[in-house]
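The exercises below are meant to be worked with the sequence and the model side by side. Each task is followed by a solution that goes step by step.

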Amino acid sequence: MAGLKDIIGFKKQVETLKYALDTVNNPKKYVDFGTALPKGLLIYGESETGKTFMAESFLEECERQVFVFEGGGDAEKEIKRLFKRAAKNAPSVIFFDDIDRFKENDGYSEIFELIDKEICCMARGKCFFVATAESFKDAPHRLDSLDIIRTELEEPDYDDAVGLFKEFFKDKPMAEDFSVEDFCHFVADRTYNELRRVYNNAALTAVYEGSDTVTVTHLVKAELLSRDDDDELAEEFDESSAYHEAGHAAVHLLLGGEAACMVLTCDNGGYFREKGIKEENYEVLERRYVVGMAGKACEEIFKESCSIYCDTDLERTAKAVESDLKKLASKGFEFFNGTELNSPAYNDLLAKKVRCDLKNYYDRARELIENNKPLITAFVDALRVKFYLLRSEIKKIYEDYVGTK
């Protein structure tokens with residue numbers, strides 16, 4: 001079983017757990033210092049971010065007997081019995097995984113009141129309470145108090161994800177061209193457990209096909225199929241989709257952004273994804289608006305027509321512009337001229353401003369594409385080969401193009 005030393009990434013959270021562990025394993029030095037010991041630890045965060053693994057790693061290093069709430073049967077009786085056994089065998093630790101499961105039961109408030117009461121009665125320093133939950137707001141009141149240590153688990157950032165997956169993939173039969181960095185950008189919004197399932201599905205396909213290794217294409221196909229919209233990697237090349245996504249990518253890069261991936265999917269669809277950024281400002285938002293209009297502009301320039309995905313882009317970009325303009329208007333943006341929000345006059349001014357801005361964003365995208373046609377062509381030619389491009393491939397094509405100018 002892994003301990004805290006085996007956790008890769010999540011430096012802030014691991015430090016919190018190390019501090020909590022020290023109060024459990026070495027309580028005397030805190031008591032001698034005149035410090036009140038914490039009563040427990042709550043690890044909370046969205047589903048499948050690794051809360052249970054983190055808690056079990058903590059428990060593995062606890063130098064106390066651990067009592068785990070198993071659930072089932074009469075919860076109230078089991079909880080009372082659990083706390084009684086923990087007190088009898090003190091110093092000890094009590095562990096509740098997914099403690100917010102009780103919110104789905106009729107006895108939700110009664111169960112939490114019982115846990116609150118039991119925690120309150122625990123001899124401080126003798127029994128330590130550990131729990132996981134999706135939100136500390138859905139946990140018992142005592143777990144939201146100052147004498148409980150709390151740490152939130154979020155989806156790992158890029159650096160953490162790279163560390164996690166380098167460790168995960170190091171003993172896997174991966175193809176030579178596999179890049180952990182590229183893959184982390186491609187699946188930037190997936191949790192660790194979700195990605196393990198993606199790898200498993202990719203490996204099953206590789207074995208079925210008689211492949212000696214798991215290729216990047218196996219992983220791309222498995223990742224697409226694991227999403228809610230059940231996208232599949234394209235089986236035939238569609239030129240309109242290729243120009244559409246190449247337009248998004250090229251304009252994004254020309255405006256100073258970084259790319260994560262470009263993918264063509266079945267039904268003549270596709271998508272371009274930018275590299276995630278930590279801080280967003282108005283410059284970033286404006287770039288996103290221009291990029292949003294670039295697919296339409298690119299299709300019109302190279303294909304002299306528009307696919308249905310141009311309408312989707314237009315609608316999505318218009319909604320984003322309108323939403324952000326409303327936020328600016330609430331701070332006194334001058335073009336609204338003090339008109340009351342949601343009045344007909346306000347809405348007319350807003351619609352006019354959105355139309356004007358969309359036209360400007362479209363014109364900027366079109367000009368960039370007109371002036372950089374070889375870059376678009378290079379992206380489309382690359383997409384003809386395997387229907388997707390990951391970060392390093394997109395970056396190389398762009399850098400090669402810039403180097404020729």
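**Exercise 1. Classify the partners of a salt bridge within one helix.**

Task: In this predicted model, decide whether Lys 18 is buried, partly exposed or exposed, and then examine its salt-bridge partner.

Solution: Lys 18 has a relative accessible area of 42% and is therefore partly exposed, since that class lies between the limits of 20% and 50%. Lys 18 makes a salt bridge with Glu 15, and the closest N and O atoms are 4.0 Å apart. Both residues belong to helix α1 (residues 11-25), where a spacing of 3 residues corresponds to about one turn of the helix. Glu 15 is also partly exposed, with a relative accessible area of 49%.

**Exercise 2. Examine two further salt bridges.**

Task: State how many salt bridges a search of the whole structure finds, and then describe the pair Lys 29 and Asp 22 and the pair Arg 384 and Asp 381.

Solution: The search of the whole structure gives 20 salt bridges. In one of them, the side chains of Lys 29 and Asp 22 meet at 2.7 Å, N to O. Lys 29 is partly exposed at 47% relative accessibility, whereas Asp 22, at 19%, counts as buried, because the limit for that class is under 20%.

In the other pair, the side chains of Arg 384 and Asp 381 meet at 3.4 Å, N to O. These two residues are 3 residues apart in helix α14 (residues 373-386), so about one helical turn separates them. Arg 384 is partly exposed at 37%, and Asp 381 is partly exposed at 39%. Elsewhere, salt bridges with shared partners join Lys 296, Glu 300, Arg 366, Glu 370 and Lys 373 into one network.

**Exercise 3. Assign the geometry of an aromatic pair.**

Task: Determine which geometry the rings of Phe 169 and Phe 183 adopt, and say where in the chain the two residues lie.

Solution: The count of aromatic pairs comes to 11. For Phe 169 and Phe 183, the ring centres are 5.9 Å apart and the planes stand at 80 degrees, so this pair is edge-to-face; the cut-off for that class is over 60 degrees. The pair links distant parts of the chain, with Phe 169 in helix α6 (residues 158-169) and Phe 183 in helix α7 (residues 180-186), 14 residues apart. Phe 169 is buried at 5% relative accessibility, and Phe 183 is buried at 3%. An aromatic cluster is formed by Phe 69, Phe 83, Phe 96 and Phe 129.

**Exercise 4. Inspect the backbone and a charged patch.**

Task: Find which residues are joined by a cis peptide bond, and then follow Asp 98 from its backbone angle to its surface surroundings.

Solution: The cis peptide bond joins Ala 90 and Pro 91, with omega at about 0 degrees, and Pro 91 lies in the loop between α4 (75-88) and β3 (92-96). Asp 98, in the loop between β3 and α5 (108-121), has a positive phi of about 50 degrees although it is not a glycine. Asp 98 counts as partly exposed at 35% relative accessibility, and together with Glu 46, Glu 134, Glu 152 and Glu 154 it forms a negative surface patch. Within that patch, Glu 134 is placed in the loop between β4 (127-133) and β5 (148-153) and is partly exposed at 42%.

Terms used:
Residues are numbered from 1 along each chain as its sequence is written. This is a predicted model: local features need pLDDT of at least 70, side-chain atom pairs count only at pLDDT 80 or more; totals for chains, interfaces and linings use all residues. Side-chain values use heavy atoms; hydrogens and water are left out. Patches are made of residues with over 30% relative accessible area and no salt bridge: like charges are joined within 9 Å, nonpolar side chains (Val, Leu, Ile, Met, Phe, Trp, Tyr) within 5 Å. Accessible areas come from the Shrake-Rupley method with a 1.4 Å probe; for residues, only the protein chains shown count as cover. Lys and Arg count as positive and Asp and Glu as negative; His and the chain ends are not counted. The place of a charge is taken as NZ of Lys, CZ of Arg, CG of Asp or CD of Glu. Helices (H or I, at least four residues) and strands (E, at least two) are DSSP runs, numbered from the N terminus. Buried means under 20% relative accessible area, exposed over 50%, partly exposed in between (1.4 Å probe, protein chains only). Rings of Phe, Tyr and Trp (its six-membered ring) pair if their centres lie within 6.5 Å; planes under 30 degrees apart count as stacked, over 60 as edge-to-face and the rest as tilted.
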